Amino acid sequence: MAAFARDARSQPSTPSAMVRELLDIADYIANLRDAIALLRANELTRDRLPMVHEELGEVVAATAGATNSIMGNAEAILALPESPGYRAAVEAKIYDIFEACAFQDITGQRIAKVAEAMSQLEGRLSRFSSAVKARDAAGVDEAESTRRSRNEALLLNGPQVGGPATAQDAIDALFD
């Protein structure tokens, strides 16, 4: 758009130059409209993004259910009395634990669906940004900065990237 304004200042204000400039602006608007249509924002808000939320909810539910099953079976194993059927009872509970561990496959499939949807969204937004030559606003979004700081403060530090932050021997020593 700025290029059109510069062109207008450098060219004489003749009717044909103004018509050419208006045609250039109309072409720019038509191309922009096409880029917006390719974004398919209605599909994203109607289908893709709700699917992302649903799939993530299912991951949470599957993980919680599997964890409860694993914990329940482990507690049942610990409570088994030593008797002639002890080994068979332990084996049955172990098989239940193996079955509950299948949650990893299910959650992996759901997370793959979410990742695919997010990848499509990223690609569409990237094409749109390129088409309109969008630039990010300068400065820091205070609300986003506050949200990130709060999330970091509330984060439970589980497995660390590159290995455990605390050696397993130190953790085991806490229980001795």
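1. Arg110 makes contact with Glu55, Glu58 and Val59, when residues up to four places away in sequence are not counted. The model in which this contact appears is a predicted one. Arg110 is found in helix 5, and with a relative accessible area of 23% Arg110 is classed as partly exposed.

2. One partner of Arg110 deserves separate mention. Glu55 belongs to helix 3. Between Arg110 and Glu55 there are 5.7 Å from C-alpha to C-alpha, although the two are 55 residues apart in sequence. Glu55 has a relative accessibility of 7% and therefore counts as buried, the limit for that class being under 20%. With residues up to four places away in sequence set aside, Glu55 touches Arg110, Lys113 and Val114.

3. The helices that carry these two residues may be considered next. Helix 3 spans residues 41-79 and helix 5 spans residues 103-132; they pack with their axes 9 Å apart, at an angle of about 160°. Because of that angle, helix 3 is roughly antiparallel to helix 5, a term applied to angles over 145 degrees. The crossing of helix 3 past helix 5 is left-handed. Sorted by class, the residues in the contact of helix 3 with helix 5 are 15 nonpolar, three polar and seven charged.

4. Helix 3 also packs with helix 4. The axes of helix 3 and helix 4 cross at roughly 165° and come within 9 Å. Helix 3 and helix 4 are therefore roughly antiparallel to each other. Their crossing is left-handed. On the side of helix 3, the contact is made by Ala66, Ser69, Ile70, Asn73, Ala74, Ala76 and Ile77; helix 4 contributes Val90, Lys93, Ile94, Asp96, Ile97 and Ala100. By class, the contact of helix 3 with helix 4 has nine nonpolar residues, two polar residues and two charged residues.

5. Asn73 is one of the helix 3 residues in the contact with helix 4. Is Asn73 buried or exposed? Asn73 counts as buried, because its relative accessibility is 8% and the class takes in values under 20%. Apart from neighbours within four places in sequence, the residues in contact with Asn73 are Lys93, Asp96 and Ile97. Each of these three is listed on the helix 4 side of the contact.

6. An aromatic feature of helix 4 should also be recorded. The count of aromatic pairs comes to one. The pair is formed by Tyr95 and Phe98 and is edge-to-face, with 6.4 Å from centre to centre and 65° between the planes. Tyr95 and Phe98 are separated by about one helical turn, because they stand three residues apart in helix 4, which covers residues 86-100. Both Tyr95 and Phe98 are exposed.

7. Some remarks on the whole protein complete the note. The secondary structure comprises seven helices and zero strands, and the pattern along the sequence reads α-α-α-α-α-α-α. The protein has 176 residues, of which 12% count as buried; Glu55 and Asn73 are among the buried residues. Where contacts between residues at least 6 apart in sequence are considered, 70% join residues at least 24 apart. The contact of Arg110 with Glu55, residues that lie 55 apart in sequence, is one of these.

Methods:
Residues are numbered from 1 along each chain as its sequence is written. This is a predicted model: local features need pLDDT of at least 70, side-chain atom pairs count only at pLDDT 80 or more; totals for chains, interfaces and linings use all residues. Side-chain values use heavy atoms; hydrogens and water are left out. Rings of Phe, Tyr and Trp (its six-membered ring) pair if their centres lie within 6.5 Å; planes under 30 degrees apart count as stacked, over 60 as edge-to-face and the rest as tilted. Helices (H or I, at least four residues) and strands (E, at least two) are DSSP runs, numbered from the N terminus. Buried means under 20% relative accessible area, exposed over 50%, partly exposed in between (1.4 Å probe, protein chains only). Axes are lines fitted to C-alpha atoms, for helices over the stretch in contact, and angles run from 0 to 180 degrees between N-to-C directions. Angles under 35 degrees count as roughly parallel, over 145 as roughly antiparallel, 65 to 115 as roughly perpendicular and the rest as oblique. A crossing is left-handed if the near helix is turned anticlockwise from the far one by less than a right angle, and right-handed if clockwise. Ala, Val, Leu, Ile, Met, Phe, Trp, Tyr, Cys and Pro count as nonpolar, Asp, Glu, Lys and Arg as charged, and the others, Gly among them, as polar. Contact means heavy atoms within 4.5 Å.
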